[in-house]
Amino acid sequence: MSYRIPMGPYHPALEEPYKLEMICEGETVRDARLHIGFNFRGIEHLAETRNYYQVIALMERVCGICSFIHTLTLCQSMEQLAGLTPPPRALYIRTIMAELERLHSHVLWAGIAAKLMGFKTMFMTCFEIREKVMDILQAISGNRVNYSMNRVGGVNRDIEDPHAILLMVQALETEMARTIIPIFTTSATARSRCAGIGVLTHARALSCAVVGPTARASGVPQDLRRDAPYAAYPEMEFDVPVEPAGDVRARLLVRALEIMESCRILRQAIAKLPPGEFHVPEGKLSFAAGTAVSRVEAPRGEVMYSITWKENARNPSRVHVRTPTYANMPAVRWMVQGARLADTPLIQASIDPCYSCTDR
Amino acid sequence: MNLLTALARLLLFPGLLFAVPAAWFFLWVERKAVALMQGRIGPPFMQPFYDFVKLLGKTTPPRTGIGGLLMRLWPLLAVSAAAGAVGMLPVLPASGGFEGDLILLLALLELPSVCIIAAGFTSRSIFSEIGSAREAALSVSYNIVFLLAIVSIAAAQHTFRLEALATMPASPLLWLGIAALLVCLPARLHLNPFSLPNAEQEIYSGPMIEYAGPELALWELSHGLEWVAATGLVATLLAPHITLWWMAVLLFIALSFLLVLLLSTLAAATARLAIDTTVRFYWQCSLLFAVLAISSALLMRLRS
């Protein structure tokens, strides 16, 4: 006999309100339906009522975790319309901030995944390390969540003491390599909860067009930092970790390896940080009429902004956002089919969902 | 055992007067130890007591009919059974007892778990029903190992008297039995890695989800008393035979405390297992234990 069991919109396993309605037989999930839209804030419409300074502050508040990535993508598309090229130092600072944000997002996700496995000690360890990443972000930008770093044509704040940041990054890298990565890869109970769970096959990953670590864990080698580089990524050397297995463990491994690659990029970017200005000279900006599109590899996958400007307008006439969770969430249905009920919180979390971005 | 000593054991030591503060103390030790291992501060010493008093003061929406009556009855039954189990532990030397009291103790130890299962199904919430189903599956699995361990120790002593068990000299069979009991304790106390029935990230708090106020306070108390009874049983088996009563009491408390610390460490160091992995684990354990117990019993028979 099958029965329906709702997970959400308010559930201890979910950080945000959304609903996964599962049809179960015993402890086995036969099918699932995902409902979103509990957190709609009308940000895209609000953006049409803001000028080019205000819209950056507004879009920063789309997401509390990847707030830098959203303004970066927005500013890149606005720079295309304004015909501005940020100075090289600004591009490097953007790369550093983006990688720090990826670090803190991945460590946060590792903590949540640990909590969903019932491994609260690991959750606390992850969040302690995340605090250190947040400290670096605060040291650079003065803020912990909404960094206010991006502006059209550069960044708002300079990195004045790159050496101190480099030391913090090195300490962080040692700690991650010593604690988080070994525990997730060697702990027997953690492995039993991840291996072979929530499999998304390569073919299914392609047909669902998933992005980011979810795609890379199903053997799809895509990463915008390498395939369509932006900011200072063309000058960075890094690998794109790809795992063929497609299960939760592969997603965990891909993110763990990405943490190490992020540290590698950070070290290079800080060492090579070029001198000079960090934004274009101040002045009134004028935007060409038309639509510009920018894509950036966020911690969860590809973020796309499409921004349209009308002739001589002060405000954008349309700002459209496509977030990685929007591309990843249909895959959850295929991942949970046939899974144990006990694994569904972890499986739905393994795409690192961010429904506040998706609902906007 | 006359009526007076029986009442003293049930009400004073190791019964209610000792067991209730000990239950709160062990709940605090577990929470504090896990918190310290996780780099948190943890609750203040009196927190379990405050929780109990606070919950007692809450009013809950009335449930009518037989369902409401049963929902009030299950926690009461669980608390009485757990308190009775603690009262029967042969802590003091020459504490009396009667032939077959071991069987009664095992039954009393099992009752809270049965009450939890019944409470989950009575509350008719989908989450508590899943929690109860998990508790039932878990209970069937670990109880085989638990009962095998106790029965093999009892069979070696040719008696079902608790006192004879407590005074049993150290032997491989006793150690094997204690090891088997220790394997069962995390599941019996719903600790990681076997905290499936109350897995909050999966099914909220399982069978307890519909409970609030005084009834929830009683569940918390029965959980604390289960801690005292389960760790106490292993502590009495572990403790060497001492004739001085105050030494015996101190040793009992110290051993129970160490067991609580051991279980807390295990809970802090592991993730939660899924139900099929857990059931498989316990059935493999019972197979392994059965082979070991029979071979060690044969060896003992050959040697004597």
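**Strand pairing, helix and chain contacts**

User: Which residue of β3(A) is the bridge partner of A:K19?

Analyst: The model in question is predicted. Strand β2 (residues 19-25) of chain A pairs with β3(A) in the antiparallel sense, over seven bridges. In this pairing, the residue of β3(A) that forms the bridge with A:K19 is A:H35.

User: Which strands of chain A stand at the edges of the open sheet that has the order β1-β2-β3?

Analyst: The pairing in this open sheet of three strands is antiparallel, and the twist from one strand to the next averages 20 degrees. An edge strand here pairs on one side only, and in chain A that description applies to β1 and β3 (28-35).

User: How many bridges join β7(A) to β8(A)?

Analyst: Chain A also has an open sheet of three strands in the order β6-β7-β8, with antiparallel pairing. Strand β6 (residues 290-298) and β7(A) pair over nine bridges, including the one between A:G290 and A:W309, and a hairpin of two residues connects these strands. On the β8(A) side, A:S306 has A:H320 as its bridge partner, and the number of bridges between β7(A) and β8(A) is five.

User: Why is one side of β6 and of β8 of chain A left without a neighbour in the sheet?

Analyst: The strand order is β6-β7-β8 in chain A, with a twist that averages 15 degrees from one strand to the next. Because β6 and β8 stand at the edges of this sheet, one side of each has no neighbour there, each having a single partner strand.

User: At about what angle to β6(A) does helix α3 of chain A run?

Analyst: Helix α3 (residues 67-82) of chain A lies across two strands, β6 and β7 of chain A. Relative to β6(A), the helix runs at about 150 degrees.

User: At which residue does α5(B) bend?

Analyst: Over its 23 residues, α5(B) reaches 33 Å from first C-alpha to last, which is close to the 33 Å expected. Its buried residues, among them B:L109, B:P112 and B:I116, are covered by elements that include α4 (65-88), α6, α7 (162-166) and α10 (213-238) of chain B. The helix nevertheless bends by about 30 degrees, with the proline B:P112 following within four residues, and the site of the bend is B:L111.

User: Is B:R124, which takes a positive phi just after α5(B), buried or exposed?

Analyst: B:R124 lies in the loop between α5 (101-123) and α6 (126-157) of chain B, and its phi is about 60 degrees although the residue is not a glycine. Most residues other than glycine have a negative phi. Since a residue with 12 or fewer other C-beta atoms within 10 Å is classed as exposed, and B:R124 has 11, this residue is exposed.

User: How many C-beta neighbours does A:N312 have inside 10 Å?

Analyst: A:N312 is placed in the loop between β7 (301-309) and β8 (318-322) of chain A, where its phi takes a positive value near 55 degrees. The residue counts as exposed because its number of C-beta neighbours inside 10 Å is 8.

User: How many charged residues are on the side of chain A that touches chain B?

Analyst: The contact involves 24 residues of chain A and 22 residues of chain B. On the chain A side, the elements that give two or more residues are β1 (2-7), α4 (88-116), α5 (120-141) and α8 (188-194). That side divides into 12 nonpolar residues and five polar ones, while the number of charged residues is seven.

Methods:
Residues are numbered from 1 along each chain as its sequence is written. Chains are lettered from A and ligands numbered from 1 in the order in which they are written. This is a predicted model: local features need pLDDT of at least 70, side-chain atom pairs count only at pLDDT 80 or more; totals for chains, interfaces and linings use all residues. Two residues are in contact if their C-beta atoms, placed from the backbone, lie within 7 Å. Ala, Val, Leu, Ile, Met, Phe, Trp, Tyr, Cys and Pro count as nonpolar, Asp, Glu, Lys and Arg as charged, and the others, Gly among them, as polar. A residue is buried if 20 or more other C-beta atoms lie within 10 Å of its own, exposed if 12 or fewer, and partly exposed in between; C-beta atoms are placed from the backbone. The expected span of a helix is 1.5 Å times one less than its number of residues. The bend at a residue is the angle between axes fitted to the seven residues ending there and the seven starting there. Two strands pair if DSSP finds at least two bridges between them. Axes are lines fitted to C-alpha atoms, for helices over the stretch in contact, and angles run from 0 to 180 degrees between N-to-C directions.
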